Amino acid sequence: MLTLSPSARKSVNLIIHFAERESKARYKRSLLGWFWSFANSLTTVAVYSFVFGAVYNAQPPITDNGRAENFGLYLFTGLITWTVFTGVVTGCMGWLQDVSDLRKKIYFPTETALLGGAACNAIQTALEAAVLLVIMALFTNISWTALFLVFALLLTMMFALGIGFIVAVLNSRYRDIQYLTGVLIGVGFFLVPVVYPPSLLEHNDVPEIARQLVTWNPPAIFVEIARDGVYFLQTPDPLRVLVATAWAVGTFAVGWLYFRSRSMEISEEL
Amino acid sequence: MTTGEITISDVSKRFRLDRDRPSSLKEAILRIGQTADIDDFWVLRNVDLHIEPDSFFGLIGHNGSGKSTLLRLIANIHRPTTGEVTTEGRMSALLELGSGFHPDLTGRENVFLNGTMLGLTRKHMAEAMDDIIEFSGIGDFIDEPVKIYSSGMYVRLGFAVAVNVNPEILLVDEVIAVGDEEFQRRCMDHMHRLRENGTTIVLVSHDAALMRSLCDRVGWLDHGRLVEVGDPDHVIDAYLAHASQDDGDTLTARD
């Protein structure tokens, strides 16, 4: 922050503004505010734990010390990562739509609205991750590998922003994109091992292609890295870390360049 | 370039009037391979204009001549299709009702947002806040969301912000006409003062008398082309003569 150019400083200030606005808008007129974001993820975990743990009697994989063998925690780890992805991708479309009227009347770098929204999402995610780490610590199932959770969340954020930049621009032209994205996210949820362990696919009747898809799609890799770090307390496979980093950086770069090349046209869209 | 300078070199702006532009993905996919029925509409053609720093420039022309589009290109809201617009200095623009205000934010929050967009610090805006509230005369409404403002309040706050951020370039698009007489007079006074402090001002207006009294130079746009630039009296007389001749033609045609 010491020697930022005036235009960079302006962008940083705008990102802060949009982040503040997003956090205010999200829980406006709600008494409990941020509490709802916890309530939301905790209920999801509770419901899934009940359905898969109690009703279907799914066995959660054993943790490092064997003490946190809990389907809810297994699920929570995956869910945090997955909701960063879906929250940012769908958020980007709304954040751009929110400022499109403003951008028709005054110039400002439009990407700051998306980055601000993502920053707000990052803060909320950090709080949820803190809750997860505290619970893991209570189960004394914690180690330095928890840093891989942070790493996985950062990669997910970059990957989601890259996709978010692209769908936001497309959505400003074709409003179908938001519905299409919603459908794809619904399908994607089951392509990522969040509610089931990947070992479930070691079945003979699961086609090889499905297994590969679930093993190598980027959100699935991010989820697995997060789980290695915070649930199994082991260092993730270096190859997967490398592939994950390449996906995140590459997608972010493509999305960013696409957004920058099209951002001046947003003010001319109806 | 010196601060407050505006250079417009060979600028053209095309808007696509795509009459049946696909508005949904389905339509877009169904029409792959078909030739699109696109009407190109050139709002501005080959405009060359240099506005000196520290000058008061007026733009006149009939409705749809491209004045507002030219102002938007200077404000960097749209990008020219060809040619280049360069400006030097902090620019503040009052382009239309509620320019740069977000309807859900309060007046005060919008003032800060505007300042941020212009690259000013919160501290600077906090210091200017009293002047802005005083000048706009909107009182306690400053803490209400701007969506409940009347059009007069919108414009007064807009103008108050635009002139209180120490702009080096100020763009004004007729909006001040919405305010009452008293407010319009104060706007004029304020523009005079800014002008004396070295701000370059570009004003779009249909008010010939106002333009004569304020501007150093006037440009006349007709169907997207810059017909004449120069001494206000000369250009305005030419424009008015042309306009009344047009009226005459229409009347004759109607008979």
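**Two chains and a strand: reasons for the labels**

Modeller: Across the interface of chain A and chain B, the rule finds 2 salt bridges. The model is a predicted one.

Biologist: What makes the pair Lys24(A) and Glu109(B) a salt bridge?

Modeller: The closest N and O atoms of Lys24(A) and Glu109(B) are 3.6 Å apart. The rule asks for a side-chain nitrogen of Lys or Arg within 4 Å of a carboxyl oxygen of Asp or Glu. The pair Lys24(A) and Glu109(B) therefore counts as a salt bridge.

Biologist: How many residue pairs are in polar contact between chain A and chain B?

Modeller: The count is 3 residue pairs, with both residues at pLDDT 80 or more. On the side of chain A that touches chain B, α1 (6-26), α3 (71-103) and α6 (176-191) of chain A each supply at least two residues. The element that gives the most to that side is α1(A), with 7 residues. By kind, the residues of that side are 10 nonpolar, 4 polar and 13 charged.

Biologist: How many residues does each chain bring to the contact, and what area is buried?

Modeller: Chain A brings 27 residues and chain B brings 31 residues. About 2,500 Å² is buried between the two chains, and carbon and sulfur atoms give 57% of that area. Of the area that chain A buries against chain B, 25% comes from Lys105(A), Tyr174(A) and Met264(A), more than from any other three residues.

Biologist: Why does His102(B) count as buried?

Modeller: Its relative accessibility is 9%, and buried means under 20%. His102(B) therefore counts as buried. The residue lies in the loop between β5 (91-94) and α3 (107-117) of chain B. His102(B) touches residues of both chains: Arg21(A), Asp98(A) and Leu102(A), along with Asn110(B) and Val146(B), leaving out residues up to four places away in sequence.

Biologist: Why is strand β8 of chain B called largely enclosed?

Modeller: Strand β8 (residues 217-222) of chain B has 6 residues, and 5 of them are buried, so the rest of the structure largely encloses the strand.

Biologist: How do you know which strands pair with β8(B)?

Modeller: Pairing needs at least two bridges. Strand β3 (residues 56-60) of chain B is joined to β8(B) by 4 bridges, and the two run parallel. In that pairing Leu59(B) stands opposite Gly219(B). Strand β9 (residues 225-230) of chain B pairs with β8(B) over 5 bridges, in the antiparallel sense. There Leu221(B) stands opposite Leu226(B). β8(B) and β9(B) form a hairpin, with 2 residues between them.

Biologist: What makes the phi of His223(B) worth a remark?

Modeller: Most residues other than glycine have a negative phi. His223(B) is not a glycine, yet its phi is positive, about 45 degrees. His223(B) lies in the loop between β8 and β9 of chain B.

Biologist: Is His223(B) buried or exposed?

Modeller: The relative accessibility of His223(B) is 56%, and exposed means over 50%. His223(B) therefore counts as exposed.

Biologist: Why is Asn166(B) called partly exposed?

Modeller: Partly exposed covers the values between the 20% and 50% limits. Asn166(B) has 45% relative accessibility and therefore counts as partly exposed. This residue also has a positive phi, near 50 degrees, and is not glycine. Asn166(B) sits in the loop between α5 (151-164) and β6 (169-173) of chain B.

Methods. Residues are numbered from 1 along each chain as its sequence is written. Chains are lettered from A and ligands numbered from 1 in the order in which they are written. This is a predicted model: local features need pLDDT of at least 70, side-chain atom pairs count only at pLDDT 80 or more; totals for chains, interfaces and linings use all residues. Side-chain values use heavy atoms; hydrogens and water are left out. Contact means heavy atoms within 4.5 Å. Buried area is the accessible area (1.4 Å probe) that two parts lose on being put together, summed over both. A polar contact is a pair of N or O atoms within 3.5 Å; within protein, one must be able to donate a hydrogen and the other to accept it, and residues adjacent in sequence count only if both atoms are side-chain atoms. Ala, Val, Leu, Ile, Met, Phe, Trp, Tyr, Cys and Pro count as nonpolar, Asp, Glu, Lys and Arg as charged, and the others, Gly among them, as polar. Buried means under 20% relative accessible area, exposed over 50%, partly exposed in between (1.4 Å probe, protein chains only).
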